[in-house]
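Q: Please take a close look at the ligand site, beginning with the loops of the chain that holds it. Longer explanations are welcome, since this model is new to me.

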Amino acid sequence: MGASLGAGAIRELAARVGIIPTKKLGQNFVIDPNTVRYIVEQSKIDSHSAVVEVGPGLGSLTLRLLEVAEHVSAIEIDPRLADQLPITVKERCPELLGKLSVLNQDAMQVESGELIPAPTALIANLPYNVAVPVLLHFLAEFPTLTSVLVMVQKEVADRLCAGPGSRTYGIPSVKIQWFGKAEAAGNIGKNVFWPAPNVDSGLVRIHVTHPHSHIEEDRREVFQVIDAAFAHRRKTLRAGLADFIGSAPLAEQVLIQADIDPGTRAETLELESFILLSGAIKAQRLSSQ
Ligand code: SAM
């Protein structure tokens, strides 16, 4: 038996553990060894990398990651898949078993101390319904991550990589800038999965540099401002932020203080502007106490 899992092996494993893939958990398993090889190649990991993989599923990506990396921590919410993973590795590549840790947990609940060694790379075919929250959670929780390569729904990949002013620029595009720079790393068709999803997929690479680590504003506060600003996409910021800040005149005053035109819309602003805005809102709230 080899490291790669093709369509037959995936179906056989699924039957063995009694898995009927569910949409709720985004269970679309990669059945094409070339796609797995391409993902690992694009991730640029090496024998020093401590990888965290979210949602290993039946293990097609995990097996290849184990061949290349120093260690792989795999976090899987479905207990049947989490239990089967070490068995699959032991059956196919017993020499790699010592490099694997499996956590049967919701990835959104995983905290920094729980992964040993601390991960340097996040590589995953993410469950599509929670892809962005999981990605942002890991970037915030694990400052040791220096590189990320994830497969997500194509529409989400476009959003993550979009720049201000583009049609797809939105909340994920701004928040990801807190951690680094996202770039597209290839498109993936539907037929490399079982079952085939309804949508195309895209690979996204994130160069994690923490470009804003020197600033004092709190990430959670800045993210709240981003959420509020995009809640009314079609409105100007003066109108859209009126409730969040207290009133339209107050919103106008705070926007001017942050050097933002009150007549502009959220989708034209870089993260820097939201950081300035968050600071101005905080100062305004303190002065009115
Ligand atoms: N990596 C595998 C592959 O490429 O074949 C499976 C990818 S599949 C798109 C997503 C996997 O994430 C499934 O195994 C699913 O059970 C798991 N999953 C879904 N939600 C999760 C969560 N909140 N935390 C951890 N794993 C989750």
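**From the loops to the ligand**

A: Pro195 lies in the loop that runs between strand β8 (193-194) and strand β9 (201-208), where helices (H or I, at least four residues) and strands (E, at least two) are DSSP runs numbered from the N terminus. This is a predicted model, in which local features need pLDDT of at least 70 and side-chain atom pairs count only at pLDDT 80 or more, while totals for chains, interfaces and linings use all residues. Residues are numbered from 1 along each chain as its sequence is written, and side-chain values use heavy atoms, with hydrogens and water left out.

The peptide bond that leads from Trp194 into Pro195 is cis, and its omega is near -10°. A cis bond also joins Ile116 to Pro117, with an omega of about 0°, and Pro117 is found in the loop that links β4 (100-104) to β5 (121-125). The loop between α2 (33-43) and β2 (50-54) contains Lys44, a residue other than glycine whose phi is nevertheless positive, near 60°. Most residues other than glycine have a negative phi, and most peptide bonds are trans.

These loops belong to a protein chain with 12 helices and nine strands, and the C-alpha trace of this chain spans about 70 × 35 × 30 Å along its principal axes.

Turning to the ligand, there are 21 residues around it, and those that come nearest are Val30, Gly55, Glu76, Ala107 and Asn125; a residue is counted here if one of its heavy atoms lies within 4 Å of the molecule. By type, the residues of this shell divide into 10 nonpolar, eight polar and three charged, with Gly placed among the polar ones and Asp, Glu, Lys and Arg counted as charged.

Three pairs of atoms can be followed in detail. Val30 offers a polar backbone atom that lies 2.8 Å from an oxygen atom of the ligand. At Gly57, a polar backbone atom is 3.4 Å from an oxygen atom of the ligand, and at Ser60 an N or O atom in the side chain is 3.4 Å from a ligand oxygen; pairs of N or O atoms such as these count when they are within 3.5 Å. The elements that give two or more residues to the shell around the ligand are the strands β1 (29-30) and β3 (71-76).

Definitions and conventions: A polar contact is a pair of N or O atoms within 3.5 Å; within protein, one must be able to donate a hydrogen and the other to accept it, and residues adjacent in sequence count only if both atoms are side-chain atoms.
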